[in-house]
Amino acid sequence: MSHLIAALSTAAAPAAIGILRLSGEGAIQAADRVFRARSGRPLSEVPAQRLVYGSLLDREGNVIDQVLATVSRAPHSYTGEDTAELHCHGSPMVLSLGLEALYAAGARPAQPGEFTRRAFLAGKLDLPQAEAVADLLDAETPEAARTAAGQLTGALSRRVEGVYQRLLDLTAHFHAVLDYPDEDIDPFRAQALSETMEGAAADLEALLATYGRGRFLVRGAPCAIVGLPNAGKSSLLNALVGYQRAIVTDIPGTTRDTVEERCALGGVLLRLVDTAGLRDTADPVERLGVERSRAALEEAELALVLVDGSAPPDPARRAAEEALWEEALSKCPRALLVRTKADLPQEDALPFRLPDGAPAPQLSVSARTGAGLEELGAAVAALFPAGAPGETGAMLTNARQAEAARRALDALREGGQALEAGLTPDAVLTGVEDALEALAELTGRAVREDVVDRIFSRFCVGK
């Protein structure tokens, strides 16, 4: 068993409950040194997963809280080791004194994600499930939480495992025929090889297609709010995030740099970027802001193109707005045309067009009153549709997973090309074995130590 670790597994702030967690060799004995059960019975004699009422002691043996304690014994615990938890009142001082007592009893401070890392190393979780723990803690929308929970139950792992096992059966059959030619084993047929590889490749293509949506659920979709000066960009950002994040004035060019904030709109997590008004300017600082605005537009997955719906008719302004709309359509996968200041008298509908020549749908919003924000959320949700039924959790949500799946697909395609070229089965199977190796990295069957370190470094201490 590994060294004893201890940590606070709840927030270090006043709360109703705070939990001290231990795992490793001697966890139960260490907990016994800082916990005195009301019954007088030591935790080492208490059945697993049973709450016991008693007192928490500091390192000098003084009572500092009335708490509940529970233990789990290896291998039937989260980490696969002996573990103990002390459920205290959420006083930061009590929890700090409790941790000091546990360190004095032989524990060392846990590293970020060390409890979950031990669960992974003990085979309690595979790598996508371990990553899902962090995603669940960071979830900012209901769908992000559902996706992480689905991954935590193994939805993605089962989807990958199905492909892995089919390819493993294929290589096992090949080596059985090769190594035992005198045995009564079905011969190795090129047609069966081709069908299996094509089916696995199709499954991996479908899996990779989930990455676009999966990464937006976890990280948020970058969304650029663009428009001419005084179009209401900063006002809309403030209305969406719910507080005065950006400075708003009637002076054109107030925003000189991009301002970023996250919000959930229509159930979609967006990384909003409020940009400087796009116009020609002699001011070098404002010009730099305009350049950054155009860079943000190129990097965005969604552009909200704002047009001041209350501005009086002006052919030059209208031409500049239309040029900006066309620029957004050319640089961004998704764009919405938004008429602002709907609480003021509005001019006629804008004559802007979609790439196919159809009239561009137009939304009207008022940052001052909130009118139209619900409709804007519905439009955003329509641009990021929900996945297929049953797909929740069975999708790729980070670059590591997508890169491994892509390498597996590329290896299968190379194997298919070798088969079409008439190469021998052993040459074709090289691609299958490379695909197996990539899938093993995806699930954590075989993964480098530095990759594991990088994954668990994003965890909080105590999880």
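**A β hairpin, its neighbours and helix α4**

In this predicted model, the hairpin formed by β4 and β5 has five residues between its strands, and Gly 61 adopts a positive phi near 90° there. The two strands of the hairpin, β4 and β5 (residues 63-72), are antiparallel and pair over six bridges. One of the pairings sets Val 52 opposite its bridge partner in β5, Ala 69.

Strand β4 also pairs with β3: these two strands run antiparallel and are joined by three bridges. Here Phe 35 has Leu 56 of β4 as its bridge partner. With regard to solvent, β4 is mostly covered, as five of its six residues are buried.

A rather more open picture comes from the loop between β3 (35-37) and β4 (52-57), where Leu 51 is found. Leu 51 counts as exposed because its relative accessibility is 52%, and the cut-off for exposed is over 50%. Together with Tyr 53 and Leu 68, Leu 51 makes a nonpolar surface patch of about 270 Å².

Turning to the helix, α4 (residues 127-138) contains 12 residues and reaches 17 Å from its first C-alpha to its last, close to the 16 Å expected at 1.5 Å a residue. At the start of α4, a side-chain oxygen of Asp 126 comes to within 3.0 Å of the backbone nitrogen of Gln 129. Like β4, which is mostly covered, α4 is mostly covered, with nine of its 12 residues buried. The buried residues include Leu 127, Pro 128 and Val 133, and also Gln 129, Glu 131 and Asp 135.

Notes. Residues are numbered from 1 along each chain as its sequence is written. This is a predicted model: local features need pLDDT of at least 70, side-chain atom pairs count only at pLDDT 80 or more; totals for chains, interfaces and linings use all residues. Side-chain values use heavy atoms; hydrogens and water are left out. Helices (H or I, at least four residues) and strands (E, at least two) are DSSP runs, numbered from the N terminus. The expected span of a helix is 1.5 Å times one less than its number of residues. Buried means under 20% relative accessible area, exposed over 50%, partly exposed in between (1.4 Å probe, protein chains only). A polar contact is a pair of N or O atoms within 3.5 Å; within protein, one must be able to donate a hydrogen and the other to accept it, and residues adjacent in sequence count only if both atoms are side-chain atoms. Patches are made of residues with over 30% relative accessible area and no salt bridge: like charges are joined within 9 Å, nonpolar side chains (Val, Leu, Ile, Met, Phe, Trp, Tyr) within 5 Å. Accessible areas come from the Shrake-Rupley method with a 1.4 Å probe; for residues, only the protein chains shown count as cover. A salt bridge is a side-chain nitrogen of Lys or Arg within 4 Å of a carboxyl oxygen of Asp or Glu. Two strands pair if DSSP finds at least two bridges between them.
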